[in-house]
Amino acid sequence: MNVSIGHSSAASLSMTRGAVLHINATTPLRSKSKFPFLFSLSFSTTTSRATRATASMSYHKQLAAAKKAASVAARLCQKVQKALLQSDFQSKSDKSPVTVADYGSQAIVSFILEKELTSIPFSLVAEEDSGDLRKEESRETLHRITELVNDTFASDGTIGISPVSEEDVLKAIDTGKSEGGPHGQHWVLDPIDGTKGFLRGEQYAIALALLDEGKVVLGVLACPNLPLSSIARSNLSSSEDKAGCLFFAEVGAGTYMQSLDGSPPTKVHVSSNENPEEASFFESYEAAHSSHDLSGLIATKLGVKAPPVRIDSQAKYGALSRGDGAIYLRFPRRGYIEKIWDHAAGYIVVAEAGGVVNDAGGKPLDFSKGRYLDLDTGIVVTNPKLMPALLKAVQESISEKASSL
Ligand code: AMP
Ligand code: MG
């Protein structure tokens, strides 16, 4: 694993940001109508508004809230997954555990962000809404979700949220209906990314990011089943490795990883490997989410020798950010439209660790278009040195496949 111990730099980081934080804590971007005078003082240069915002804002307070929200949501998910795996009677087709954990995770993130960031206008773009949960046949499910949310809050004395009602839970879930877009700040959440992995007892992630003026400015990935040490050579399903990682990144401040139970953070970097023969690559476990044939062709063309490492969820971005592998390839079937919550947190975790995330045509991802990503064919992720050769192999492989049809 390619990590360097970073607690001293983390400390100086928060100290050097202290002054900026003080100013911005009282002048959140969207409160400019409330504080027009202070806002114009803070942003009076001639550069573009988005650049000014992301360059001079500190998101320290939002990052702390996001880490807390994702970690607590992860606890609820872990509890549900544990019960699911222990249940002998669980039918393979029964999706109810993931439904309960999905809604519960989204409600928890919404409650915690709103509580921690009371002074900041709140907009959340998230995967779930309460439509189905409000139906008569979902009464039991809603009851179970509310119970789990309250149990999770009660088991941690630092959260300070008093018991919530079923109606509170429905409302919290529905804060996720925002459309996002190029202006203002929007949280972006996938409450359980990799539901198929969750049901199999394997990898999944709680993925939370913040957009400011259309740019991802912070991201947190809670990966409860990802080993703390590199998965490059370890067996992903081995129970011997200690698991539970929290990756977090803020624009301009690097990417860090700590254990979900709260070890000191270490700064992480993507692999610096320039030689494809020594690189390994990640892809979806589910062939329905990403063409294994096409990635195999690309890897062969590039000269990659190692077999693919197949993992569910944005845990792939986390593992790549610490150098467990050098490449992530994603090629959904034609016509599939990617959602911003499937990539926003992973994108900044990799970018701040020194990696590059592009579409198959080599363009950066654009998170400013609303709930969906508008991109060319697929997503490719690697370090800047390998990217040109990778994009060439991608383009050649796509043309080859198209002409063989
Ligand atoms: P992964 O775990 O990498 O396979 O990706 C999981 C995510 O893929 C889910 O959160 C879904 O939003 C997304 N997804 C669902 N269906 C598809 C599809 N047909 N192609 C690509 N991605 C999909
Ligand atoms: Mg997802």
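**E213**

I started with E213 in this predicted model. Is E213 buried or exposed? I found it buried, since its relative accessible area is 10%, under the 20% cut-off. I placed E213 in the loop between β4 and β5. I then looked at the backbone and noted a positive phi of about 50°, although E213 is not a glycine.

**T377**

I turned next to T377, another residue with a positive phi that is not a glycine; here the angle is about 65°. T377 sits in the loop between β12 (356-359) and β13 (379-382). I put T377 down as partly exposed, because its relative accessible area is 41% and that class runs between 20% and 50%.

**L208 and strand β4**

I went back to β4, which covers residues 205-212, and picked out L208 within that strand. Its relative accessibility is 0%, so I count L208 as buried. What lies 40 residues away along the chain from L208, with 9.5 Å between the C-alpha atoms? I found F248 there.

**The cysteines**

I searched the whole structure for disulfides and came back with zero. As a reminder to myself, a disulfide covalently bonds the sulfur atoms of two cysteines. I checked C223 in particular: it is in no disulfide, and its nearest cysteine sulfur belongs to C245, 6.3 Å away. Why is there no bond for C245? The closest cysteine sulfur to that of C245 is the one in C223, and at 6.3 Å it is too far for a bond; the limit I used is 2.5 Å. I also looked at how covered these two residues are. C223 is buried, with a relative accessible area of 0%. C245 is buried too, and its relative accessible area is 0%.

**S230**

I followed the chain to S230, in the loop between β5 (215-227) and β6 (243-250). I read S230 as buried, because its relative accessible area is 14%. Which residues does the side chain of S230 reach? One is A232, whose backbone nitrogen lies 2.9 Å from a polar atom of the S230 side chain. Another is D324, where a polar contact of 3.3 Å joins the two side chains.

**Ligand 1**

I moved on to the surroundings of ligand 1. How many residues surround ligand 1? I listed 13, and the closest are H289, S313, K316, R330 and D342. I sorted this shell by class and got seven charged, three polar and three nonpolar residues.

I then picked out some atom pairs. On the oxygen side, I found an oxygen atom of ligand 1 at 3.0 Å from an N or O atom in the side chain of D193. On the nitrogen side, a nitrogen atom of ligand 1 is 3.1 Å from an N or O atom in the side chain of Y336. A288 comes in through its backbone, with an N or O atom lying 3.4 Å from a nitrogen atom of ligand 1. I also wanted to know how much of ligand 1 is covered: taken alone it exposes 500 Å², and the protein buries 86% of that.

**V270 and I337**

I looked up two loop residues and their partners in space. V270 is in the loop between β8 (266-268) and β9 (281-283). V270 counts as buried, because its relative accessibility is 9%. In sequence V270 and A353 are 83 residues apart, and yet their C-alpha atoms are 5.6 Å apart.

I337 is in the loop between β11 (327-330) and α12 (344-351). I noted I337 as partly exposed, since its relative accessible area is 47%. I paired I337 with L375: they are 38 residues apart in sequence, and the C-alpha to C-alpha distance is 8.4 Å.

**Helix α6**

I closed with α6, a helix of 21 residues running from 96 to 116. From its first C-alpha to its last, α6 reaches 30 Å, which is close to the 30 Å expected at 1.5 Å a residue. Why do I call α6 largely enclosed by the rest of the structure? I do so because 16 of its 21 residues are buried.

Conventions. Residues numbered from 1 in each chain as written. Chains lettered and ligands numbered in written order. Predicted model: local features only at pLDDT ≥ 70, side-chain atom pairs only at ≥ 80, totals over all residues. Heavy atoms only, no water. Helix = DSSP H or I, 4+ residues; strand = E, 2+ residues; numbered from the N terminus. Expected span 1.5 Å × (residues − 1). Buried < 20%, exposed > 50% of the residue type's maximum accessible area, 1.4 Å probe, protein only. Near = heavy atom within 4 Å. Polar contact = N/O pair within 3.5 Å; in protein donor to acceptor, adjacent residues only side chain to side chain. Areas by Shrake-Rupley, 256 points an atom, 1.4 Å probe, with all protein chains shown as cover. Nonpolar A, V, L, I, M, F, W, Y, C, P; charged D, E, K, R; others polar.
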